[in-house]
Structures are given as C-alpha cells and as structure tokens.
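The following exercises are to be worked with the sequence and the model at hand. Each task is followed by a solution in steps.

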There are 2 protein chains.
Amino acid sequence: MPAILEGKYAALMAAAADLKSDAVAAALYNVIVAGVEYLNKQCIRETLNSKVPAKEYFDFQADGKASRPINKALFDGEISEATWRALLFGEAANLDRDVLSRALYTGAMAYCATTDLTKSRDQKTPGTFFECYIGHFVAQRYGVNPEKQTSVPSLELINSLPTDYVFNLGTGKRRIHLPIKTSTRERVVQVWAHQRVLDGLHGRNRFRGLLACLAETNKQTSERGVVEVCLPGQWAVYQMHIAELHRVYYLDIPQKYVPLKEVYPFIHVTEFADFFQEADELITN
Amino acid sequence: MPAILEGKYAALMAAAADLKSDAVAAALYNVIVAGVEYLNKQCIRETLNSKVPAKEYFDFQADGKASRPINKALFDGEISEATWRALLFGEAANLDRDVLSRALYTGAMAYCATTDLTKSRDQKTPGTFFECYIGHFVAQRYGVNPEKQTSVPSLELINSLPTDYVFNLGTGKRRIHLPIKTSTRERVVQVWAHQRVLDGLHGRNRFRGLLACLAETNKQTSERGVVEVCLPGQWAVYQMHIAELHRVYYLDIPQKYVPLKEVYPFIHVTEFADFFQEADELITN
C-alpha cells in the first residue's frame, strides 16, 4: 500500500485557504499527475458489468483491492501536460469540449480511485479532494474565494450559519451557493434545505444554487455490476416544495437525470463542463 | 463478546410490522430486561467527567470496551417488572412521572449500551431499535401503525415519497410526522426539510412534526469528558425558514434546547414523557 498521494494531498490542503490561487492549481496538478501515473502503471483495468445503457465501466485493481467504477469513455490516462495546465490554471474554457469533459472526470478519479486502492475505509479525503477540486474551478473563474458560512440578518442577533461553499461576488450581485458531493444518495435533501434557508434569509434566488457532483454509480459486488442510483421523483418534489436549484452539475451525468430539465419542475442537470461557458450568465440574470 | 441480545433483537424485528401490537411490547420487554440484566451484572460503571451543568454521566465497561455516556439520574437498573409492563403494554400514562422518565431512558439505553459493549462498529441496530421503541409508543397510543411513505398528489403522476414514520389518523384528522433519531448532529436539517415537503404536498400543519431523540451527548475520549452537542442558533433558522416542528422530544433533554420554547421561533423541546399526556391535544388543535 504505497501512500503515494498523502504528501501531495497534504500540500493541497495547506494551500486550500486561497482556493482560487495558482498554488492550489499546482498542488492539484501534482496530485492528479501522480494519481494518473499510479493508475496507468501499477493497476490493471477490469471491465465491469454495466447495467447503465450506453455507458461502459471498469474498475482499477491492485494488491487485491478494487476502485469505484470508472466510466470508460470519460477516463483518459493520456491527457497531456498542456491540457492539465490549461484546465487547472484558468484556461479550461479554451479546451475542446470533449477533452474538457474527460480531463475534469479523470482529474477527480485520479485521486478518488488511487485512494480506493491505497487506503482503507477512507471516504473522507476523496470528498474533501473533490470539494477542493470543483471549488478551485469556481473560485478561479469568479476570482473570489468561497466562505463556509453566511451572516444571518434577523430581528434578534444570530451571528452566522455554517453552509456549503458560498461565493460573495460583490454588492448588489447574485451570490453562488455551491454544495459539492462525490455522490448524493439519500442525504441530498440537505442541499435543497440549505438553499431554502438562504432564500429565506436573503431573498429568493439571491443565491444561485449550483449542486456539483461526480457520479451516482454503485457497484454491485456480487456480480460486478454497475448501476446508477437515481431518485428523479424525489428530486422533483424537493424542487417543487423546498427550493429551486439553478443547476445540478455532474462529471459523469446519470442517465435518469438528463430529462429533468425538459419537464416541470425543470431541474437543469448538465455536465460541469458547461459551467465554464455559462459562468457569467449564472450570476447576471 | 456475548451476543446476548441478537436473538431477541431479531424477534423484535420479526414482530415490528405490527408496531402497535402486544407482540412488539413483549419483544421489547425481552430485549430490555436482558440488556438491563447484562449491564447490572456483567459491567462496571465508571464516572465520566461531565461538562454539562447539573448532569452526571458514567459509562458501562466490560471486556475492555466502554458504552456511550449514561445519564446517572435517568438510568435506573432497578425498574420493576410491573413498571416495564405498564410502560410497554399501554399503561405508560398511569406511571409516576419520574418513574416514566427513567423507564423510558433506561429501556432505550438497555439495548444501545449493551450493543456498544458487545458488538463492534454497530451504529445501525441501536438506531433501528430506538425507532422501533419510540414508534411502538406512538402507534400504541393512537392505535394506528405508521407508514414510511406519503402519497404525492400532483398535476402529473408521482406515486409516493419515502418519509420517516407518518401516522394516518383517519379522514379529516391531522396526521403525525415522527422522525426518530438517537442523536441529531448536522443531519437534522433533513427533518425540517421533510416537514416542509409534507406541508407543501398536503397543506401546512396537516402533519404535526414531532422529532423524537435519545440524547445529544458526546464523549471526549481523551479526558473522559461528556458534552452535549447543540446547535440552537441553527435550529432557530430552520424553524423560521424551512418549516415548523411542533415538538422535539428527548429522553435526556439537552440543556441548551430547554429555553427554545420561550422565545421566537418557539421550538417546543420537551421530554418524551410528556407525549403520553398531550397525545390527544397534538392532533386536535
């Protein structure tokens, strides 16, 4: 069990207070390149039995361990150094769309899959890495670091409330509420609830709710199957009765969520790659 | 590690489909009496360093393991068979109030503390036991078994939504929404969110939201300290901006939540023992 990413992960955490910075971009680069190299050279790929129409999955295996499912079309072990640098240092919008989608997914899985294979029971650092990874892109794009609390205006005094990442884009502007999760499962109602609290505290849609996720795949260990765990009916009820999320971004977008943007209550689920094109529009109308 | 409660727990689960039944009362009785006997005879009590004013805590210890914190004034290893039978078979309202509070707490801890000491990493069955225990009292009191889903009336068809326990008390009556948790921690916003969904689907306050909890104690392993983890400011924001919970019941009521019923937004936090007196009032006005 080589602890190949632990030092690089620690360096990323040390830089993460200034999430938009080139220091974070460089630390992410170091984690990702080392992770991809480990996965390419020291692991084998074994095809999984995908139950998801039109998607193929495999897992990485090494030393008797297996990673989470990896989307075959999205994981690209041959991404160039120039592409990584463009992605991480603020030129993502200039990348070819397919390359951008693959790089975003591969960068996230470089850490998550390597951790699956080299650590035991570590569910925490993949979540923290992913939050830092997505948070970096958004912070860099808007040139603003996020906070993890919001002030609470009230007739009586309550000082602040912990939140997911929120971005203050300046007086009179919309702000961004950016929960980030590797997968949502049953706890996702929290995201709508926090959006509701922000709407209640600060006015409806003052904060644009953008949920960013990696994937919803689940491995069925017995038969090496892969399914996507989706709850579109529940999401619709939350969007109708709790609050409105403006976007749900995925790196590997679950098939059952694709149609949600076409029908009431219009949950706009799309690839995170779209963020780089629509970032300005998100906050101006 | 004697698996002393596993068979009795399995028997409880087998009966739990009819939660209001005497079969569940009998199965609860068997679990609780065996748990209390184990704790009395095979475990030692070691005082913990309580940081909670006016409350003393200890833990049970056996075979190098230690239980969660136990409230010294509420855990009563000498509760009589007659009291257990009154509590579990529908005569709780006739018990002396102090005896009722101690029996309720001791019954819950009989399973939870024994499981802490006799199983490894089992966080699931104490939660399930506690849900069954509290659910039994409410189901028995109203003479109705709960469901774990609600139908979703909508302009388009969505069949049903999973929920915590909900009790249908008949046409034209209020219903009960009863989330049950051994402790709430940061996930408690889910409870307000589900209440909001029920309000949105069925009309505000059609469902009375009653949150039932065991305690909010946390053991600080290093110094054997006990604190209560409370977030009264956050709860107030949820009560103001998401939905209204009608009651929050505890078996060991956290000190910082006691004053919440006195000030806006009036979260009525009280002992679960009160439920037996106010059960009728909860659904009629």
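**Exercise 1.** In which strand of chain B is Val152(B) found? Determine also whether Val152(B) is buried or exposed, and how far its C-alpha atom lies from that of Gly225(B).

*Solution.* The model is a predicted one.
Step 1: Val152(B) belongs to strand 6 of chain B, which covers residues 147–152.
Step 2: a residue counts as buried when its relative accessible area is under 20%. Val152(B) has a relative accessibility of 9%, so Val152(B) is buried.
Step 3: Val152(B) and Gly225(B) are 73 residues apart along the chain, and 46 Å separates their C-alpha atoms.

**Exercise 2.** Describe the surroundings of Gly107(A): which helix holds Gly107(A), and which residues does Gly107(A) touch beyond four places in sequence?

*Solution.*
Step 1: Gly107(A) is part of helix 4 of chain A, residues 97–118.
Step 2: the relative accessibility of Gly107(A) is 0%, and this residue therefore counts as buried.
Step 3: with residues up to four places away in sequence left out, Gly107(A) touches Ile32(A), Trp84(A), Phe129(A) and Tyr133(A).
Step 4: one of these partners, Ile32(A), is 75 residues from Gly107(A) along the chain, yet the two C-alpha atoms are separated by 5.5 Å.

**Exercise 3.** Locate Cys230(A) and list its contacts beyond four places in sequence. How far is its C-alpha atom from that of Leu28(A)?

*Solution.*
Step 1: Cys230(A) sits in the loop that runs between strand 12 (225–228) and helix 7 (232–241) of chain A.
Step 2: its relative accessible area is 13%, so Cys230(A) is buried.
Step 3: apart from residues up to four places away in sequence, Cys230(A) touches Pro254(A), Lys256(A) and Tyr257(A).
Step 4: Leu28(A) is 202 residues from Cys230(A) along the chain, and the distance between the two C-alpha atoms is 30 Å.

**Exercise 4.** Place Ser67(B) between its flanking strands and state which residues are in contact with Ser67(B) beyond four places in sequence.

*Solution.*
Step 1: the loop that holds Ser67(B) lies between strand 4 (65–66) and strand 5 (70–71) of chain B.
Step 2: Ser67(B) is a buried residue, since its relative accessibility is 2%.
Step 3: once neighbours within four places in sequence are set aside, the contacts of Ser67(B) are Asp59(B), Phe60(B), Ala113(B), Asp116(B), Leu117(B) and Lys219(B).

**Exercise 5.** Examine the backbone at Ala54(B), at Asn205(B) and at the bonds that lead into Pro265(A) and Pro265(B). What is the sign of phi at Ala54(B), and which form, cis or trans, has the bond from Tyr264(A) to Pro265(A)?

*Solution.*
Step 1: most residues other than glycine have a negative phi, and most peptide bonds are trans.
Step 2: Ala54(B) has a positive phi, near 65°. Ala54(B) occupies the loop between strand 2 (49–50) and strand 3 (57–62) of chain B. The relative accessible area of Ala54(B) is 84%, so this residue is exposed.
Step 3: Asn205(B), which is not a glycine, also has a positive phi, of about 65°. Its loop lies between helix 6 (189–202) and strand 10 (207–213) of chain B. Asn205(B) counts as buried because its relative accessibility is 17%.
Step 4: the peptide bond from Tyr264(A) to Pro265(A) is cis, with omega near 5°. Pro265(A) lies in the loop between strand 13 (247–250) and strand 14 (269–271) of chain A.
Step 5: in chain B, Tyr264(B) and Pro265(B) are likewise joined by a cis peptide bond, with omega about 5°.

**Exercise 6.** Characterise chain A as a whole and relate chain A to chain B. How many helices and strands does chain A have?

*Solution.*
Step 1: chain A has 8 helices and 14 strands. Its radius of gyration of 19 Å is close to the 19 Å given by the globule rule for 285 residues, so chain A is as compact as a globular protein of that length.
Step 2: of these 285 residues, 54% count as buried.
Step 3: chain A carries 32 positive and 33 negative side chains, and the centres of the two sets are 3 Å apart.
Step 4: a turn of 180° with a shift of 0.0 Å along the axis lays chain A on chain B with an RMSD of 0.0 Å. The two copies are thus related as by a two-fold rotation axis. The same surface serves both copies, as 100% of the contact residues of chain A recur in chain B.

Key: Residues are numbered from 1 along each chain as its sequence is written. Chains are lettered from A and ligands numbered from 1 in the order in which they are written. This is a predicted model: local features need pLDDT of at least 70, side-chain atom pairs count only at pLDDT 80 or more; totals for chains, interfaces and linings use all residues. Side-chain values use heavy atoms; hydrogens and water are left out. Copies are superposed by least squares on the C-alpha atoms of residues with pLDDT of at least 70 in both. Contact means heavy atoms within 4.5 Å. Helices (H or I, at least four residues) and strands (E, at least two) are DSSP runs, numbered from the N terminus. The radius of gyration is taken over C-alpha atoms; the globule rule is 2.2 Å times the number of residues to the power 0.38. Buried means under 20% relative accessible area, exposed over 50%, partly exposed in between (1.4 Å probe, protein chains only). Lys and Arg count as positive and Asp and Glu as negative; His and the chain ends are not counted. The place of a charge is taken as NZ of Lys, CZ of Arg, CG of Asp or CD of Glu.
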